[in-house]
Amino acid sequence: MREMTEFIFMLTHHDVTVKNAIEVFNEVKDTGLRYVGCKDVGLPKPELKKLFRLMKEAGMTTFFEVVTYEEGRHFAGVNLAIEIGADYLIGGMPWFTEKTLTYIKERGVDIKYFPYIGKIEDHPCILKGEVDEIIENGKRAEDLGVDGINLLLYRYTGNQKRLLERATKDLKVPLIVAGSVNSFKKIRELMEHNVWAFTIGSAIFEKKLVPGRSIRDQIRSVLKFVEEGEL
């Protein structure tokens with residue numbers, strides 16, 4: 001029996017946490033959602049702390065995504081993830097992976113780490129490089145001891161189908177597919193390849209999945225689709 005692919009709702013638009021994230025979360029927390037997160041940019045720390053407290057109180061598993069190319073800002077994001085009590089730290093450039101794992105271990109905190117792999121550029125991020133190089137980068141991350149990988153599959157400038165096939169075949173840790181998951185066709189593709197989870201932010205806020213319907217309806221439709229395989 002196929003394990004269900006999980007949907008992580010990101011309170012983000014264009015790779016930035018939305019200003020009304022707390023309000024939106026309160027509107028959607030009773031939809032059946034279990035996984036929810038945001039990014040390290042867009043909300044001041046007091047609001048982030050409140051948001052994660054509300055998520056925890058609602059029984060959610062929480063995700064905090066760090067997106068920066070600068071080491072100081074990266075570790076500020078890691079510290080913030082620890083401070084607000086995120087369950088998962090996702091993102092983080094590949095060149096910070098080893099240092100980040102050491103940093104987490106030295107602090108003895110219980111947080112799972114899913115870094116990016118491959119050649120990451122720009123903001124919003126895109127993924128470049130040969131498929132073989134990306135997979136080798138993923139294998140190195142596995143050898144270092146990551147809990148999983150945050151793969152920018154649909155931001156990849158090369159052959160996305162080949163990357164998906166190789167990643168699900170050759171990498172052993174759980175995969176989160178992040179970025180530009182904006183159609184049920186893509187979600188089905190991820191489900192068929194037994195990807196552990198995917199994130200959606202912008203497509204929910206832009207109401208691309210079920211045009212003309214509310215944010216709550218977008219979320220309910222995705223949850224129904226991953227559970228039943230149809231709308």
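## A tour of the predicted model

Begin by selecting Asp132, Arg162, Arg166, Lys169 and Asp170, which a network of salt bridges links together. The structure is a predicted model, and a search of the whole of it finds 22 salt bridges. Several further pairs are visited below.

**Stop 1: Asp15 and Arg155.** Select Asp15 and Arg155, whose salt bridge brings the closest N and O atoms to 3.4 Å apart. The two residues stand 140 residues apart and belong to distant parts of the chain: Asp15 is in the loop between β2 (12-13) and β3 (16-17), while Arg155 is in the loop between β10 (149-151) and α6 (160-170). Are these partners buried or exposed? Asp15 has a relative accessibility of 8%, so the residue counts as buried. Arg155 has a relative accessible area of 16% and is therefore buried, because the cut-off for that class is under 20%.

**Stop 2: the largest pocket.** Keep Asp15 and Arg155 selected and add Gly179, Ser180 and Ser202; these five lie nearest the centre of the largest pocket, whose lining comprises 23 residues. The space in this pocket amounts to about 320 Å³. To see how secondary structure enters the lining, display β12 (197-200) and α8 (202-205), each of which supplies at least two of the lining residues. Colouring the lining by class gives 9 nonpolar, 8 polar and 6 charged residues.

**Stop 3: Ile187.** Move next to helix α7 (residues 184-192), where Ile187 is found. Ile187 has a relative accessible area of 0% and is therefore buried. Which residues are in contact with Ile187, leaving aside its neighbours within four places in sequence? Select Val181, Phe198, Ile200, Val222, Phe225 and Val226 to display these contacts. For a sense of scale, draw a C-alpha to C-alpha distance from Ile187 to Leu48: it spans 28 Å, with 139 residues of sequence separation.

**Stop 4: backbone geometry.** Select Asn194, in the loop between α7 and β12. Asn194 is a residue other than glycine, yet its phi is positive, near 55°. Lys207, in the loop between α8 and α9 (215-228), is likewise not a glycine and has a positive phi of about 55°. Lys207 has a relative accessible area of 35% and is therefore partly exposed. Then go to His123 and Pro124, which are joined by a cis peptide bond with omega of about -5°. Pro124 is placed in the loop between β8 (119-121) and β9 (126-128).

**Stop 5: salt bridges of helix α3.** Select Glu83 and Lys45, whose side chains form a salt bridge with an N to O distance of 3.3 Å. Glu83 belongs to helix α3 (residues 71-84) and Lys45 to helix α2 (residues 45-57), so this pair ties together parts that are 38 residues apart in sequence. Glu83 is partly exposed, with a relative accessible area of 42%, and Lys45 is partly exposed at 39%.

Finally, select Lys99 and Glu71, a salt bridge in which the closest N and O atoms are 2.8 Å apart. Lys99 is in helix α4 (residues 97-107) and Glu71 in helix α3, and the pair links distant parts of the chain, 28 residues apart. Lys99 counts as partly exposed at 48% relative accessibility, and Glu71 counts as partly exposed at 33%.

Methods:
Residues numbered from 1 in each chain as written. Predicted model: local features only at pLDDT ≥ 70, side-chain atom pairs only at ≥ 80, totals over all residues. Heavy atoms only, no water. Helix = DSSP H or I, 4+ residues; strand = E, 2+ residues; numbered from the N terminus. Buried < 20%, exposed > 50% of the residue type's maximum accessible area, 1.4 Å probe, protein only. Contact = heavy atoms within 4.5 Å. 1 Å grid on protein atoms, 1.4 Å probe; cavity = no way out; pocket = protein on both sides within 12 Å on 5 of 7 lines; lining within 4 Å. Points joined across faces, edges and corners; volume = space filled by probe spheres on them. Nonpolar A, V, L, I, M, F, W, Y, C, P; charged D, E, K, R; others polar. Salt bridge = Lys/Arg side-chain N within 4 Å of Asp/Glu carboxyl O.
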